[in-house]
Structures are given as C-alpha cells and as structure tokens.
Amino acid sequence: EQLFLPRKDLDRLLLRLRDEGYNCLGPVVRDGAIQYLPISDSSDLPAGVELVQAPASYQLSSAETNRLFNWSNGPQALKPLLFTSRQVMWQVQRDATGRLEFAPNEEEVEATAVIGVRACDLAALELQDRHFLAPGVEDPHYKKRRDSLLLIGVDCNQPSATCFCASTGDGPGLSTGFDIGMSELDAGFLLRVGTAHGQEIVQSLGLDHATETQLQAAAVENEQARIRQKRELPDAAVQKLLLQRPGHPHWQHVAERCTACGSCTSVCPTCFCFSEQAETSLDGAVSSQLREWSSCFVTNHSLFHGRPLRVDIASRYRQWLTHKLAGWQEQYGRSGCVGCGRCISWCPVGIDMTREVASLIGDAE
C-alpha cells in the first residue's frame with residue numbers, strides 16, 4: 001500500500017516530525033557537496049541539483065527540474081550520526097584526596113529524523129548494527145544514538161557512474177531498514193511504511209492512495225536506474241577468491257598508485273576501524289579515554305608487539321579489499337560493500353575497486 005504526498009505538502013510531513021519532537025536532518029548543499037545537515041523546511045533541500053561522479057571526481061550542477069532528490073549520494077552516509085568520528089568513552093578524575101574516580105561519559109542525544117536516506121546507506125547501517133549492537137556486547141554510545149533515529153528513505157533514481165548497488169543487491173530502490181519510504185515523482189512523493197511508528201506518522205497526514213499510473217511510473221524509474229549502472233562486483237563466491245590470491249602481482253600495481261591516505265575508509269559507510277587514546281588535562285586532574293576513527297591503511301593499525309605486520313601499502317590495500325569483500329562474509333554472512341561507489345569518487349588518485357577486483361580474479365570462471 002502506497003500513499004501520495006503532493007510536492008506542496010512535503011512541509012506537512014516535516015512539521016509532523018517536529019511535532020513528534022524530532023530534529024530534522026536532510027540533504028543540504030554545502031562546500032560543494034551534499035551533506036546531512038539540519039533543515040527547517042523543504043526550501044533547504046537541493047531542488048534542481050544534479051550530481052556527476054567519476055573516479056576522483058565529484059561535481060554538482062544545476063538542472064531544470066523541481067525534484068529534491070535528483071542525485072545519488074554525498075561523501076558521508078549515516079555512519080557519522082552513530083559511530084561518531086571522535087567519542088569520549090569514559091573519564092577518570094582525581095579528587096582532593098588524590099583518589100581516582102572513574103565515570104562513563106553520559107551524553108545527551110536528540111531525537112533525530114533523517115530524510116533522503118538511500119537504499120545503499122540503509123544496507124550499510126544494517127551492517128554497522130551487526131557490529132555495534134551484537135548481543136551481549138552492545139556499544140552503549142552507538143545504541144543510544146541508534147534508538148533516537150527515525151529514517152525516511154528515498155529511492156535513488158539518478159545513480160552516478162560510480163554506483164554499483166544493483167550488483168550487490170542493495171539498491172537502487174528501497175527494500176528494508178526505513179521507517180518511511182519515498183519514491184519521488186515530478187508531482188510529489190509515493191509514501192510507504194516500514195515500521196509501526198512510521199505508519200502512525202503517515203496515517204496522520206490523511207493522504208490519498210497512489211494511483212496505478214503513479215505506481216507504474218515509480219517502478220519504471222527504478223528499473224531505469226538499475227539498468228544505467230555499468231559498474232558491478234562479482235557474486236560472493238567469486239569475491240572469496242581474493243583470499244586465494246595473496247601473492248598476485250596486481251596488489252603491487254595498485255600500491256604504486258595508492259597513497260594510503262585512508263579516504264576510502266573514511267567515506268565508506270560500513271568501515272568501523274577505530275583507535276583509542278587517553279587525553280589528559282593540563283593540570284593532570286582529568287583524563288578522558290577517546291575513540292577516534294582510524295583506518296587499516298594506517299601503519300599502526302597492524303601493530304603487534306611493537307611492530308606493524310603490514311609495513312607496505314600493497315599489504316594494507318590487500319587487507320582492506322579482502323576483508324571487505326571476503327572476510328566479512330564469514331563474519332556477517334555477506335560482503336561489506338553496498339555498492340555506493342564513494343571510495344571511487346573520493347579516492348584522490350581514482351582507484352576503482354570494481355576494476356581492481358576484476359584484475360585480481362579475472363581468470364576465475
């Protein structure tokens with residue numbers, strides 16, 4: 001069952017979310033990229049904006065359209081909202097007698113509704129949930145933020161040349177993971193619900209049912225978006241062949257271009273490597289234990305007994321790619337790639353993981 005929300009009534013949905021106590025985040029153009037930032041109404045959304053991505057290239061342009069979601073993705077997905085780049089885990093403080101008092105970091109988290117989430121990013125969130133919300137070892141900081149989110153997904157009908165979510169099974173249309181799902185047409189939006197709370201919000205708007213013509217138009221656009229994707233990854237069985245090619249000469253060929261900057265892991269919506277460190281106040285009275293984003297491209301990531309195991313770029317790139325595409329299948333039952341293409345667009349030298357995989361396993365049947 002899908003309902004039709006006229007374009008002029010989109011602000012009714014945003015107002016309803018505010019009435020529910022949510023702070024609204026949506027796609028906003030800032031610093032030449034689309035970012036999730038606070039919005040007050042639909043006028044803050046990127047109307048008439050198109051996006052062209054290629055290896056090492058991300059360019060926004062204007063288009064003659066009234067659509068608000070006529071683009072594929074920005075540099076970040078939902079990861080920064082949950083697994084934050086810098087998190088104080090706990091603190092220790094010395095009192096007047098010199099005794100140490102340990103306390104967890106209790107932070108206030110605001111209820112947040114995010115509009116415009118893509119299918120690939122919802123799939124990535126599901127993988128983050130598996131890691132940080134594993135039964136018995138839940139991360140309390142992640143869980144607190146996760147419980148505060150309401151997600152409004154939008155079908156992606158304008159994939160970039162770097163997108164390949166169709167081959168990973170994670171897009172371009174929404175399937176799961178959203179509270180409210182949307183398909184954008186010229187006249188408005190088709191709404192469907194994914195959770196009981198999402199249903200309460202949609203029903204309160206008093207919308208009409210979508211017509212058969214509108215449903216068919218949305219289905220056609222989704223199929224066209226799927227067809228336009230030219231990049232792809234092989235299936236899971238073939239990806240596992242990467243583990244059988246640790247000595248392939250192509251690893252060194254990639255290393256000659258890779259700068260080990262870590263941009264790919266920073267923009268990747270599923271990467272979750274981090275480092276921990278202590279930060280002490282100048283007077284030595286308070287010490288905070290911090291968790292910060294890290295990367296398997298950092299030398300100290302493989303530090304073992306005072307020495308790094310992966311001393312060259314070739315071994316670090318091999319670790320990233322084989323773990324992402326093959327190792328994750330053993331850990332989580334699927335590849336760690338959702339086909340968003342960010343690692344291709346934001347790599348400063350334009351390394352394309354789909355082509356590297358093809359070169360590494362090109363002789364496999």
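Two strands count as paired here if DSSP finds at least two bridges between them. That cut-off applies to every sheet in the views below, and the model itself is predicted.

**View 1. β2 sits between a parallel and an antiparallel partner.** Strand β2 (residues 23-30) runs parallel to strand β8 (residues 112-117), and the two share three bridges. With a cut-off of at least two bridges, those three are enough for β2 and β8 to count as a pair. To find this pairing, look for C24, whose bridge partner in β8 is A113. With strand β3 (residues 33-38), β2 pairs in the antiparallel sense, this time over six bridges. Two spots to pick out there are G26, bridged to L37 of β3, and L25, bridged to P38 of β3.

**View 2. The turn that links β2 to β3.** These two strands make a hairpin with two residues between them. One to zoom in on is D31, which takes a positive phi near 55 degrees.

**View 3. The eight-stranded sheet around β2.** Pull back a little and β2 turns out to belong to an open sheet of eight strands. Reading across, the order is β3-β2-β8-β9-β10-β11-β1-β12, and the pairing is mixed. Which strands are at the edges? They are β3 and β12 (208-209), each pairing on one side only. As for what holds such an arrangement together, strands of a sheet pair through backbone hydrogen bonds, either parallel or antiparallel.

**View 4. β4 has two faces, and its hairpin partner is β5.** Follow the side chains along β4 and they alternate: V49, L51 and Q53 point to one face and are buried. E50, V52 and A54 point to the other face and are not buried. Strand β5 (residues 57-62) runs antiparallel to β4, joined to it by six bridges. One place to check the register is E50, which has S61 of β5 as its bridge partner. The β4-β5 hairpin has two residues between its strands, and A56 in the turn has a positive phi of about 60 degrees.

**View 5. Q53 and its polar contacts.** Is Q53 buried or exposed? Its relative accessible area is 2%, so Q53 counts as buried, the cut-off being under 20%. This glutamine lies in strand β4 (residues 49-54). What does its side chain touch? The side chain of Q53 makes a polar contact of 3.0 Å with the side chain of S72, and another polar contact, of 2.7 Å, joins it to the side chain of S345.

**View 6. A four-stranded antiparallel sheet.** Here the strands are ordered β7-β6-β14-β13 in an open sheet, and the pairing is antiparallel. β7 (100-104) and β13 (274-280) are the edge strands, each with a single partner, so one side of each has no neighbour in the sheet. Ignoring direction, neighbouring strands of this sheet are turned by 20 degrees against each other on average. At the β13 end, β13 and strand β14 (residues 286-293) pair in the antiparallel sense over seven bridges. In that pairing, F274 stands opposite W293 of β14.

**View 7. A nonpolar patch at the surface.** W90, L100 and F102 together make a nonpolar surface patch of about 320 Å². W90 comes from strand β6 (residues 86-94). How much of W90 is accessible? Its relative accessible area is 34%, so W90 is partly exposed. That value also clears the cut-off of over 30% that a patch residue needs.

Terms used. Residues numbered from 1 in each chain as written. Predicted model: local features only at pLDDT ≥ 70, side-chain atom pairs only at ≥ 80, totals over all residues. Heavy atoms only, no water. Patch = residues over 30% accessible without salt bridge, like charges linked within 9 Å, V, L, I, M, F, W, Y side chains within 5 Å. Areas by Shrake-Rupley, 256 points an atom, 1.4 Å probe, with all protein chains shown as cover. Salt bridge = Lys/Arg side-chain N within 4 Å of Asp/Glu carboxyl O. Buried < 20%, exposed > 50% of the residue type's maximum accessible area, 1.4 Å probe, protein only. Axes fitted to C-alpha atoms, helices over the stretch in contact; angles between N-to-C directions. Polar contact = N/O pair within 3.5 Å; in protein donor to acceptor, adjacent residues only side chain to side chain.
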